[in-house]
Amino acid sequence: MGLSKGPSSWSVEEVLEWIQEQYPTKMTLLHKAVIKHDITGRVLLRLKDYQLKLLGVEDEKQQQEILQDLLLLKVQEEISELSDICSEFLSP
C-alpha cells in the first residue's frame, strides 16, 4: 500500500485504498458509505460501532473486526508520532 502518511491525514481516496486492502471481498457497502459521506482518515479513526451500523455494516462480528483494525491504526500512528518526537528530542 502506498500510504506513507499517518491515517489521520488520509483523504477519502486513501481511506478507500485501506478498506480495499483490508477487506477486499466484503465491504462494498462501506466503500459506498465512505464516498457518500466523505469519510477521511480523521473521521475513520473516530468511528464507533453504532456509526458502522448506520454506514451499512450490520454484522457485529464485522463491526468488531473493523474496530480492532482501526484501533491498531491509531496505535501505530501514536507510536510513529512518539518515535518522531523522541528522535527530534535526542538529535543534536
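This passage describes the fold, core, surface and selected residues of a predicted model of one protein chain.

The model is predicted, and local features were accepted only at pLDDT of at least 70, side-chain atom pairs only at pLDDT 80 or more, whereas totals for chains, interfaces and linings use all residues. Residues are numbered from 1 along each chain as its sequence is written, and side-chain values rest on heavy atoms, with hydrogens and water left out.

The secondary structure of the protein chain consists of five helices and zero strands, where helices (H or I, at least four residues) and strands (E, at least two) are DSSP runs numbered from the N terminus. Along the sequence the pattern is accordingly written α-α-α-α-α. The C-alpha atoms occupy a box of roughly 50 × 25 × 20 Å, taken along the principal axes. With contact defined as heavy atoms within 4.5 Å, 55% of the contacts between residues at least 6 apart in sequence join residues at least 24 apart. The UniProt record, in an unreviewed entry, lists residues 10–76 as "domain: SAM"; UniProt positions are given in the numbering used here, feature names are shortened, and annotations may be inferred rather than shown by experiment. Over residues 10–76 the chain is 70% helix and 0% strand, and the C-alpha atoms at the two ends are 14 Å apart.

Of the 92 residues in the protein chain, 32% are buried; residues are classed as buried under 20% relative accessible area, exposed over 50% and partly exposed in between (1.4 Å probe, protein chains only). A nonpolar core is taken as a set of buried Ala, Val, Leu, Ile, Met, Phe, Trp, Tyr and Cys residues joined through side-chain atoms within 4.5 Å. The largest such core holds 21 residues, of which W18, I19, L44 and I66 touch the most other members. Two or more residues are contributed to this core by each of α1 (12–22), α2 (28–36) and α5 (60–90), and the largest share, five residues, comes from α1. Outside its neighbours within four places in sequence, I66 makes contact with Y23, M27, L30, L52 and V57.

In helix α1, the buried residues are V12, E14, V15, L16, W18 and I19, and the buried residues of this helix pack against α2, α3 (41–44) and α5. H31, in helix α2, is buried at 18% relative accessibility. Residues up to four places away in sequence being excluded, H31 touches L16, I19 and Q20.

One salt bridge was counted, under the criterion of a side-chain nitrogen of Lys or Arg within 4 Å of a carboxyl oxygen of Asp or Glu. This salt bridge links K5 with E14, and their closest N and O atoms are 3.4 Å apart. K5 is partly exposed, with a relative accessible area of 39%, whereas E14 is buried, with a relative accessible area of 15%.

The accessible surface of the protein chain amounts to about 6400 Å², of which 55% belongs to carbon and sulfur atoms; accessible areas were obtained by the Shrake-Rupley method with a 1.4 Å probe, and for residues only the protein chains shown count as cover. A nonpolar surface patch is formed by L71, V75 and I79, which together have about 280 Å² of accessible area. Patches are made of residues with over 30% relative accessible area and no salt bridge, like charges being joined within 9 Å and nonpolar side chains (Val, Leu, Ile, Met, Phe, Trp, Tyr) within 5 Å. I79 lies in helix α5 and counts as exposed at 54% relative accessibility.

Further residues illustrate the loop and helix surfaces. D38 is located in the loop between α2 and α3 and is exposed, with 52% relative accessibility. The phi of D38 is near 50 degrees, a positive value in a residue other than glycine. Most residues other than glycine have a negative phi. K53, in helix α4 (residues 49–54), is partly exposed at 48% relative accessibility. Apart from neighbours within four places in sequence, K53 is in contact with E58 and Q63. K53 and L30 are separated by 23 residues in sequence and by 9.9 Å in space, C-alpha to C-alpha. Q64, in helix α5, is partly exposed at 41% relative accessibility; the C-alpha atoms of Q64 and E21, 43 residues apart along the chain, are separated by 17 Å.
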